[in-house]
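Student: I would like to learn how to read the way helices pack in a model such as this one. Could you take me through it slowly, giving the general idea before each case?

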Amino acid sequence: MNTKLVISKISKIYPGCIANDKVSLEFGSGKIYALLGENGAGKSTLVKILSGVVKPDEGEVFLNNENIKLNSPLDAKKNNIGMVFQHFNLFETLSVFENLSIDSSKKNEELRLLVNDILKKYNFKIDLDIPVLNLSAGQKQKVEIIRCLIRNPKVLIMDEPTSVLTEQETEDLFVSLKKFSKEGILIIYITHKLKEVLSLCDEVAVMRKGKVVSVSNTKEEKIESLANKMVGENLGTIKKKINNFKNSVEILKISNLNFRSDDPYETNLINLNFSLKKGECLGIAGISGNGQSELFQILSGEIITENTSIMFRQKEISKLNPRERREYLMAFSPEDRISQAAVPELKIYENVALNNFKSSNFFEKGLVNEKKIKEHSKKILSNFSVNTDNVELKSQFLSGGNLQKLIIGRELITSPELLVCFNPTWGLDVGAINYIHETLININEQGKSSIVISTDNDELLRLSDRICVIYKGKLSKIMDASTVTPEKLGVLMGGGSID
Amino acid sequence: MSFDINFIGILIGAIMASSVPLILAACGELITERSGVLNLGVEGMMIIGAISGFALMVVTDNLFLAVMGSMLSGLIISIIFALLTQSLLTNHVATGLALTIFGIGMSAMIGKNFVGIPGKEFPLLFVNLKESVPFFGPIIFGHSIILYFAFLLPFLTNYFLKNTKVGLIVRAVGDSPTSASNQGINVLLVRYSCILYGGAMCGLAGAYLSLIYTPQWIENMTGGRGWIALALVVFATWSPIKVLIGALIFGGITILQLHMQAIGLRIPVQLLSALPYIMTIIVLVVISRDSRKIKLNTPTSLGQIFYKEK
């Protein structure tokens, strides 16, 4: 089965944004193609066009030299184009089998046989009769893939498939995709993760600001070269931090931090002790779910624990709530940008006002001083290069990177002495990650301290002066970052010990 | 008062009759809600069905036309709701409330000329068998065809949702209209159909009241039954069989408390009148406690406005 898919001069313009600008690409079966680009580069729009969800303003699609019209998802199905979306298109309350049968014209018995064959062939293990909401993300994705396979697809498009998968699930997925490719299915793999492109794909097309900027064989590419193409500027390496905290004063001292929870999904913290100097960055590594979010909440004051002592600038603050802690010049950037750090339905300036109840004159006699808040917000947007100057924009329309810049900016503009952040660059693209990292390094150089809790070891090694690992609610000994290697961290994160 | 066995049979027959409008309206609304649409206009659609059924009966002297007309009028007024919420994307709750207020006012206006006119006798089936079988006779026989339909409806609805392809599509749309649309399902068509079906069932429920249960027109004669039907759907966690149980309990306690009032028990009348509401909710909450089932049966997109990406 030989399939040739040609996209010719596809354009799609949204108000205020050119999502696709005369995109032309060629694909042939037997290979896995990567479509690479930052968030907002136009990849998702392109695949929505290919799957019939969105109609292009201009351009044509040819499948095996035949001009095909993709006016609806049904058209894509008819032309054997299968699509696995980043946000699953599954019905959570229906069973796996019901999800599969809903768009199949086959009889139930026939379909069940077919699905069982597919399960066996690709070694998928999924119970067909349980509701989808009981499945893990990896299993849900398999259901989506099976749904495509039922229709004997010629083309299979995967949109950011690994963003929700564990490492093991990712490996399994790659094995399956390579199998599909061998069987003649044309695979288009959309991602912003560079390592995946090199380990999985044969050819790579890079998109930037709606345009295709390069098409090449992955053998000729390296991570750096792809990153540069993707971001469009020579990234170089970000600047190295100048350490100047060695002789500075201690700013934070935590002793005897214990936390016991009745909730089985929370982790108990056992006897944590650490301190932090002015201008220092402490990195806390660990596999997620080992007590990081509890530790963050205790530091921020969302959880108040008994008998714990938190001395911050010579004051005992362990009983203070988050707002009071902010008044003592602590700042926090939580893990979940959408549900913890910002209210997506509120406008940018409203979100800015949320954590500044007292420090400024935002509120007078119970009334909101909109003008002051907006001026202040504009300052944050420009100082922290958020990609908009419209403070009236609802926060949900900001991309992840811009939202994180806004959140960090909101925290830093009040010049706090300590910033605690939790996975500050989770899910962001290279450009935004570098920006956030430089910002965090800058505040250390200005003599402010930071605690970075992160599951990304590269990030920690880049930012931290000292590093420790949290495992099952306990902290490892705190090490000088220059003596730490990724291997050492890996051992500690798995519960082993080093010496 | 003698408690002979036939009396209990008659009592049960009366309970069944009083629960018919609730079953019809609730089963209709259940389908609407399963597609993700929250139509709070049940009371309004019911009362429009009641007046148009009665008016048609008076004008045409044909009961069949009257029943069909009541369903059609319920359906027509639900089109207003469908147009507003599905095509013009208005808020479901506000639009539904407006529909109820509109229906009550409209029915009062049309009904002015029909107050005090006696109804026509509705044909009952198997009347001769009613007396011949002790106890079961009054329960099983001597009812209108609409009652038999109403008692079949929850089972049909259940079968439709669980075992048919169209039922599956309705549930899928209620779960996630966006996913359904991406799968090539015409969400608007499904939701329009479900809203219109719900409207027709509410119209039929109204006709049962004005043509059979109390065959006459009284202003505001639905008396909040539409709201009870709505509550039944939610407290029955969108399960048609539990809707039937809930409707019977409600009807049962309504009739029983009337008898208790007649006996002259020393319990405040207000408390007795409130009893059906309280008991129905308690029972339904108790039998619907399985949180897993609640999650599976609840239409995730209920009340959410859906619009298609262009």
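Tutor: Let us begin with a cut-off for directions: two helices whose axes make an angle over 145 degrees count as roughly antiparallel, and those under 35 degrees as roughly parallel. Please keep in mind throughout that this is a predicted model.

Student: At what angle do helix H7 and helix H12 of chain B cross?

Tutor: The axes of H7(B), residues 145-163, and H12(B), residues 240-263, cross at roughly 160 degrees and come within 8 Å. H7(B) and H12(B) are therefore roughly antiparallel to each other, and their crossing is right-handed.

Student: Which residues make the contact of H7(B) with H12(B)?

Tutor: From H7(B) come Pro154(B), Thr157(B) and Asn158(B), while H12(B) supplies Pro240(B), Ile241(B), Val243(B) and Leu244(B). Sorted by class, the residues of this contact of H7(B) with H12(B) are 5 nonpolar and 2 polar, with no charged ones.

Student: How is H11(B) oriented against H12(B)?

Tutor: Angles that fall outside the parallel, antiparallel and perpendicular ranges count as oblique. The axes of H11(B), residues 225-235, and H12(B) cross at roughly 135 degrees and come within 9 Å, and H11(B) and H12(B) are therefore oblique to each other. The crossing of H11(B) and H12(B) is right-handed. Here Ile228(B), Leu232(B), Val233(B) and Phe235(B) of H11(B) meet Val243(B), Gly246(B), Ala247(B) and Phe250(B) of H12(B), and by class this contact has 7 nonpolar residues, 1 polar and no charged.

Student: At what angle do H3(B) and H4(B) pack?

Tutor: H3(B), residues 63-87, and H4(B), residues 92-111, pack at about 155 degrees with their axes 10 Å apart, which makes H3(B) roughly antiparallel to H4(B). The crossing of H3(B) and H4(B) is right-handed. In their contact, Ile77(B), Ile80(B), Phe81(B), Leu84(B) and Thr85(B) of H3(B) meet His92(B), Thr95(B), Gly96(B), Leu99(B) and Gly103(B) of H4(B), and the classes there are 5 nonpolar, 5 polar and no charged.

Student: What span should H1(B) have, and how far apart are its end C-alpha atoms?

Tutor: One can set an expected length, at 1.5 Å a residue, beside the distance in the model: the 30 residues of H1(B), residues 5-34, should span 44 Å, and the end C-alpha atoms of H1(B) are 41 Å apart, which agrees.

Student: Where does H1(B) bend?

Tutor: H1(B) bends by about 40 degrees at Ser19(B), and a proline, Pro21(B), follows within four residues. Just after H1(B), Gly36(B) takes a positive phi of about 95 degrees.

Student: How many residues does each chain give to the contact between chain A and chain B?

Tutor: Chain A contributes 18 residues and chain B contributes 15 residues. On the side of chain A that touches chain B, the largest share, 3 residues, comes from helix H2 of chain A, residues 73-78. The residues on that side of chain A divide into 10 nonpolar, 3 polar and 5 charged.

Conventions
Residues are numbered from 1 along each chain as its sequence is written. Chains are lettered from A and ligands numbered from 1 in the order in which they are written. This is a predicted model: local features need pLDDT of at least 70, side-chain atom pairs count only at pLDDT 80 or more; totals for chains, interfaces and linings use all residues. Axes are lines fitted to C-alpha atoms, for helices over the stretch in contact, and angles run from 0 to 180 degrees between N-to-C directions. Helices (H or I, at least four residues) and strands (E, at least two) are DSSP runs, numbered from the N terminus. Angles under 35 degrees count as roughly parallel, over 145 as roughly antiparallel, 65 to 115 as roughly perpendicular and the rest as oblique. A crossing is left-handed if the near helix is turned anticlockwise from the far one by less than a right angle, and right-handed if clockwise. Two residues are in contact if their C-beta atoms, placed from the backbone, lie within 7 Å. Ala, Val, Leu, Ile, Met, Phe, Trp, Tyr, Cys and Pro count as nonpolar, Asp, Glu, Lys and Arg as charged, and the others, Gly among them, as polar. The expected span of a helix is 1.5 Å times one less than its number of residues. The bend at a residue is the angle between axes fitted to the seven residues ending there and the seven starting there.
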